[in-house]
Structures are given as structure tokens and as C-alpha cells.
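Here is a short report for the bench. Read it with the sequence and the structure side by side.

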Amino acid sequence: MRNVFVAVVILVFCSACDSNVVWSETQSVAGTWDKQEEVIFTVSTLDSLKNYNVFINLRNTNDYPFNNIFLIAAIEFPHGKTITDTLEYKMAHPNGKWMGEGIGSVKENKLWLREKIQFSENGNYNIILTQAVRNNGEREGVSQLSGITDVGISIEEVTQSP
């Protein structure tokens, strides 16, 4: 039993060493995600000479009623510039099977936000996410989006392939 425990600890430690994640935060969504609710992440200054990939991490349950999700993502720079994108991500295959990873009814989705960017300004960056899902043929967005349990951001250092 002790050997199994040691093997698991070594495996977890080694897999953690292989990760390029330099910053990560996840926030829970209470029940439903209101269309007015901004999920805000504040990122402290990272190494300004390095390139990073930024990902959106979403957890959904079987209660999520759509096969895709629309998000509005804004990055506010320390000196006042803001970049805003409207993004669509597929959440399910055509047969209805969820695309995310996980066992049971909760699936984790790792979605690209930005590739090979630099955080060259000193200060805090804000990454702001809002949901912008709409029902087909309707003008107004879904006011209370069910099935999304957690929203997160992870930032990974870009490494050169050998």
C-alpha cells in the first residue's frame, strides 16, 4: 500500500513538472450564468519577454442546453487599451456527445483565447468574460444560462519544440 502511495505521489509530481501553466484561476457560477454577469480575472505582470497562450476553461453539466457557446472576452491592458472578441466554441459533437474531458456528467473544456501573446506592460491585466448565448431566431440573449458550473482562465508559457 505504501509503494502505491509513493508511486502516485511521484506520478503527480512528475506530471506537474511537465506543465507550462504559469497562472490559473477558476470561478464558480452560482446555478446559472446571468447575461449581465462579468467573470473577471486579474493577472499580475508576467515575464514581458516571454510568449504565452491564454485559454478559457469551462465546466459544463448535462444541464447545458446548447451544442455551442458564445462568449465575449475582453483583455484590459494596464495602460488603458482593451481588446474585445466575440467567440463561438463548439461544446458537443453532432451526435450530442460532449466534447470536453471528464467522467460522469461534468465536462471540462479548454478553449483557445489568445496564442503567443506577450504581457509587455507593467501592471495588472483584466480578462473579462460574459456569456452571449441566444436561442435561434431570438434577438435577446439567454438571460440565465444553465449548465455552466465554472469559468476559468489559464496561461501557459510557450516553449520551443526540440
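## Aromatic pairs

A search of the whole structure turns up 6 aromatic pairs. Rings of Phe, Tyr and Trp (its six-membered ring) pair if their centres lie within 6.5 Å; planes under 30 degrees apart count as stacked, over 60 as edge-to-face and the rest as tilted. Tyr64 and Trp98 form a tilted pair, because their ring centres are 6.1 Å apart and their planes stand at 55 degrees. Tyr64 lies in the loop between β4 (52–60) and β5 (68–76), and Trp98 in the loop between β6 (82–90) and β7, so the pair ties together parts that are 34 residues apart in sequence. Tyr64 and Trp98 are buried. Buried means under 20% relative accessible area, exposed over 50%, partly exposed in between (1.4 Å probe, protein chains only).

Phe119 and Tyr125 pair edge-to-face, because their ring centres are 4.8 Å apart and their planes stand at 90 degrees. Phe119 and Tyr125 are buried. Tyr52, Phe77, Phe119 and Tyr125 make up one aromatic cluster.

This is a predicted model: local features need pLDDT of at least 70, side-chain atom pairs count only at pLDDT 80 or more, and totals for chains, interfaces and linings use all residues. Residues are numbered from 1 along each chain as its sequence is written, and side-chain values use heavy atoms, with hydrogens and water left out.

## Charges over rings

Lys81 lies over the face of Phe77, 4.7 Å from the ring centre. The charged end of Lys110 sits over the ring of Phe55, at 4.4 Å from its centre. The test for a charge over a ring is NZ of Lys or CZ of Arg within 6 Å of the ring centre and within 35 degrees of the ring normal.

## Strands

Helices (H or I, at least four residues) and strands (E, at least two) are DSSP runs, numbered from the N terminus. Two strands pair if DSSP finds at least two bridges between them. β4 pairs with β7 in the antiparallel sense over 8 bridges. Arg59 has Glu108 in β7 as its bridge partner. β4 also pairs with strand β10 (residues 148–157), antiparallel over 9 bridges. Phe55 stands opposite Ser154 in β10. β4 is mostly covered, with 8 of its 9 residues buried.

Which residue other than glycine has a phi near 50 degrees? Lys116 does, and the value is positive. Most residues other than glycine have a negative phi. Lys116 is found in strand β7 (residues 107–117). Lys116 counts as exposed because its relative accessibility is 54%.

## Salt bridges

The structure holds 8 salt bridges. A salt bridge is a side-chain nitrogen of Lys or Arg within 4 Å of a carboxyl oxygen of Asp or Glu. Three are listed here.

| Acid | Base | N to O distance |
|---|---|---|
| Glu140 | Lys35 | 3.3 Å |
| Asp47 | Lys50 | 4.0 Å |
| Glu156 | Lys110 | 2.5 Å |

Glu156 lies in strand β10 and Lys110 in strand β7, so the pair ties together parts that are 46 residues apart in sequence. Glu156 is buried at 14% relative accessibility, whereas Lys110 is partly exposed at 48%. Asp47, Lys50 and Glu157 are joined into one network by salt bridges that share partners. Asp47 is partly exposed at 33% relative accessibility, and Lys50 is partly exposed at 32%. Glu140 is exposed at 52%, while Lys35 is partly exposed at 27%.
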